[in-house]
Amino acid sequence: MAKQEDIFKKVISHAKEYGYVFQSSEIYDGLSAVYDYGQNGVELKKNIREYWWKAMVQLNDNIVGLDAAIFMHPTTWKASGHVDAFNDPLIDNKDSKKRYRADVLVEDYVAKIENKIEKEVKKAQKRFGDNFNKTQFLATNQRVVDYQEQVTSILKRLGQSLEKEDLVDVKKLIEELDIACPMSGSKNWTDVKQFNLMFGTKLGANAETAMDLYLRPETAQGIFVNFLNVQKTGRMKIPFGIAQTGKAFRNEIVARQFIFRMREFEQMEMQFFIQPGTQKEWYEKWKENRMKWHLSLGMGEDNYRFHDHEKLAHYADAAADIEFRFPFGFKELEGIHSRTDFDLGSHEEFSGKKLQYFDPELNKNYVPYVLETSIGLDRMFLAVFSNSLQEEELENNTTRTVLKLPAVLAPTKAAILPLVKKDGLPDIAHGIIEDLKWDFNVTYDEKDAVGRRYRRQDANGTPFCITVDHQTKEDNTVTIRHRDSMEQERVAIADLKAIISKAVDMRTWLLKMK
Ligand code: ATP
C-alpha cells in the first residue's frame with residue numbers, strides 16, 4: 001500500500017513540476033478538489049479530447065457534435081431525476097469528524113480483498129511458471145474462491161440496499177464488516193444520510209425574481225433537450241448519436257484523489273438514439289467499441305476491466321464501467337449505460353412537447369431508446385499520465401524519469417536542440433521549427449548540455465529530440481532521438497515531417513481500433 005501511495009505522490013508532484021496540473025488558487029492555499037491545467041496539461045487535455053472527438057464524431061457518419069450551455073432551465077433537473085435522486089450516501093465518523101461516502105467505504109474494503117486475490121495469483125504464477133493457468137487457479141484455489149464469494153456477496157448486498165434506499169442496512173453492513181475510519185481507526189459512525197450533489201446558483205439581478213438554477217452535473221441533458229433540433233435540422237435517421245464535451249459540476253462529498261474526483265470537471269459523452277428493443281445489441285457494441293478505443297492507446301490490456309453494475313441508476317436497464325488500474329487500484333474511468341426511453345420520455349412529460357421520432361421503416365412514431373457512453377476527460381488524463389510516468393534503471397546505474405505518453409497525445413511532439421549555442425547551429429534549429437510548427441507542437445531548447453536536455457524532454461513526455469550539430473551544416477542531416485528506446489539515428493531534415501507524422505498521426509493510432 002505504501003508503495004502505491006508513493007507512486008501516486010510522485011504522479012502529483014511530477015504533474016506540478018512539469019506544468020501539467022496545478023492546485024486551483026494555490027496562492028490562497030488552494031480550493032479543495034478544483035484544479036488548473038498548466039502549459040503542458042492544457043495540450044495533453046486538448047489532445048485527449050480531440051482523440052475522442054475524432055473517433056466518436058468524425059469517423060462515424062451517423063454521429064454529430066453539440067455544444068450546449070452549462071446553464072439549463074431548472075425543470076430539466078426535475079425531469080432528469082437529479083433533483084430527487086442525484087444523491088450520494090454519506091456517513092460521518094463521530095470521533096475524527098471526517099466525512100465519507102458510505103458506498104466507497106465498502107468498495108474500498110472490497111478492493112482490499114481483491115488485492116489479496118491478486119497477490120495469491122502472483123504467488124502462484126511464480127511457483128508454476130509457464131504451466132500456470134490463471135482461469136483454472138481462480139476457479140479451484142479454495143482461498144481465492146472464498147475471497148471471491150465474499151466480494152460478490154458484499155457488493156450484492158450493498159447494491160440491493162442502495163437500490164431500495166435502505167440506508168440503515170448500509171450502516172449495518174459497514175458495522176458488520178468492522179470498517180474503521182481510515183484516518184483515525186475509529187468505528188464510531190453516524191447514521192447514513194443522502195446528500196444531493198448539485199451546485200445551486202441564481203439567474204437574474206433582482207433578489208425577488210431571480211430564478212434558482214443548477215450548474216449541470218452532467219452534459220447529457222443538453223443533448224436530450226436538443227434531440228429534436230439536431231434530428232430535424234441534420235435529417236438524422238435512427239440509429240444516430242450526438243456527442244458533446246464540456247464542463248460538469250458535482251459537490252462531491254469526498255474528493256481526496258487529485259483529478260480523479262473533482263468538483264468541476266469535464267465530460268465527453270455520447271448519446272446514441274436507437275429503436276426500442278435493440279438496446280441489448282447496441283449496449284454490447286458500444287462496450288466493445290469503447291474498449292477498443294482505450295486499447296488503441298497501447299497502455300496495456302491488463303490495465304482495463306469491465307465492471308457490471310449491481311445497482312442500476314434510476315434511468316438504466318443495464319450499465320457497465322470500464323475500470324482502469326490507477327495508482328490507487330482499479331477504478332471507474334468510463335460508464336456505458338443503457339438509458340431506455342427514460343430521459344426523452346420524462347422531458348416529454350415535464351415540457352409537454354413531443355420528443356418522438358417517425359421511423360419510416362416501421363412506419364410509426366416512438367420515443368427512441370438511448371445508449372450512452374460517458375467518460376471523464378480529467379480521469380482519462382490521470383489514467384494516461386499516471387500510466388506513462390516511469391522510472392527506468394539505466395545501464396550506467398543511473399535512473400531516468402520518463403513520461404511515456406502515447407505519442408499521439410504528447411503535448412510537444414519534438415524538441416529541436418542545437419548542439420552548441422554558436423557556429424550558426426541555433427539558426428538552423430530555428431529554421432527547422434519554422435517549418436515543423438505548422439504541423440506539430442514543437443519546442444526549442446539550447447540550455448545545458450545536450451544529455452540534460454534529453455532528460456528534460458523525457459520527463460516532459462516529448463517523443464522526439466532533434467539535434468543540430470556541425471555535420472548538419474555540411475549535409476543537411478540531424479540526429480533524431482526516440483524517447484522510449486533512446487535510440488538515435490541520422491536523418492535528412494527533409495524527412496523529419498514524415499518521420500514525426502508517422503509516429504503521432506491520429507490515423508496511425510485510431511486504425512488500431514479496426
Ligand atoms: P463515481 O462512481 O466515480 O462517482 P459516477 O458513476 O457518478 O462516478 P458518471 O455519472 O457515470 O460517474 O459519470 C461519467 C464519467 O464522468 C465517470 O466515468 C468519470 O470518468 C467522470 N466523473 C464523474 N464524476 C467525476 C468527478 N467528480 N471528477 C472527475 N470525473 C468524474
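Modeller: A pocket, on a 1 Å grid over the protein atoms alone, is an open set of points with protein on both sides within 12 Å along at least five of seven lines, and its lining residues have an atom within 4 Å of a point. The structure above is a predicted model.

Colleague: Which residues lie nearest the centre of the second largest pocket?

Modeller: The second largest pocket holds about 540 Å³ of space. Its lining is made up of 20 residues, which by class are 10 nonpolar, three polar and seven charged. Among these 20 lining residues, those nearest the centre are L59, N60, N289, M513 and K514.

Colleague: Which helix gives the most to the lining of the second largest pocket?

Modeller: At least two lining residues come from each of α2 (41-58), α11 (279-295) and α18 (506-510). The top contribution to the lining of this pocket is seven residues, and the helix that supplies them is α11.

Colleague: Between which domains does the second largest pocket lie?

Modeller: The protein chain is divided into domain 1 (1-72 + 197-395), domain 2 (87-195) and domain 3 (412-513). Because two of these domains both give residues to the lining, the second largest pocket lies between them, and the two are domain 1 and domain 3.

Colleague: What distance separates the centres of domain 2 and domain 3?

Modeller: Domain 2 spans residues 87-195, whereas domain 3 spans residues 412-513. Taken over C-alpha atoms, the centres of domain 2 and domain 3 are separated by 49 Å.

Colleague: Turning to the ligand, which strand supplies the largest share of the shell around it?

Modeller: The ligand is surrounded by 17 residues, with E252, R261, M262, E332 and L333 the closest, and the shell divides into five nonpolar, five polar and seven charged residues. The strands β10 (264-274), β13 (329-340) and β16 (369-376) each supply at least two residues of that shell. The largest share is five residues, and the strand they come from is β13.

Colleague: What percentage of the ligand's accessible area does the protein cover?

Modeller: Several side chains make polar contacts with the ligand, and the cut-off for such a pair of N or O atoms is 3.5 Å. A nitrogen atom of the ligand is 2.7 Å from an N or O atom in the side chain of E252, while one of its oxygen atoms is 3.0 Å from an N or O atom in the side chain of R250, and a polar side-chain atom of R261 lies 2.7 Å from a ligand oxygen atom. Of the 590 Å² of accessible area that the ligand has on its own, the protein covers 87%.

Note on methods
Residues are numbered from 1 along each chain as its sequence is written. This is a predicted model: local features need pLDDT of at least 70, side-chain atom pairs count only at pLDDT 80 or more; totals for chains, interfaces and linings use all residues. Side-chain values use heavy atoms; hydrogens and water are left out. A residue is near a molecule or strand if one of its heavy atoms lies within 4 Å of it. A polar contact is a pair of N or O atoms within 3.5 Å; within protein, one must be able to donate a hydrogen and the other to accept it, and residues adjacent in sequence count only if both atoms are side-chain atoms. Accessible areas come from the Shrake-Rupley method with a 1.4 Å probe; for residues, only the protein chains shown count as cover. Helices (H or I, at least four residues) and strands (E, at least two) are DSSP runs, numbered from the N terminus. Ala, Val, Leu, Ile, Met, Phe, Trp, Tyr, Cys and Pro count as nonpolar, Asp, Glu, Lys and Arg as charged, and the others, Gly among them, as polar. On a 1 Å grid over the protein atoms alone, a cavity is a set of points where a 1.4 Å probe fits but cannot get out, and a pocket is an open set with protein on both sides within 12 Å along at least five of seven lines; lining residues have an atom within 4 Å of a point. Grid points are joined across faces, edges and corners, and a volume is the space filled by probe spheres set on the points. Domain bounds come from an automatic or database domain assignment.
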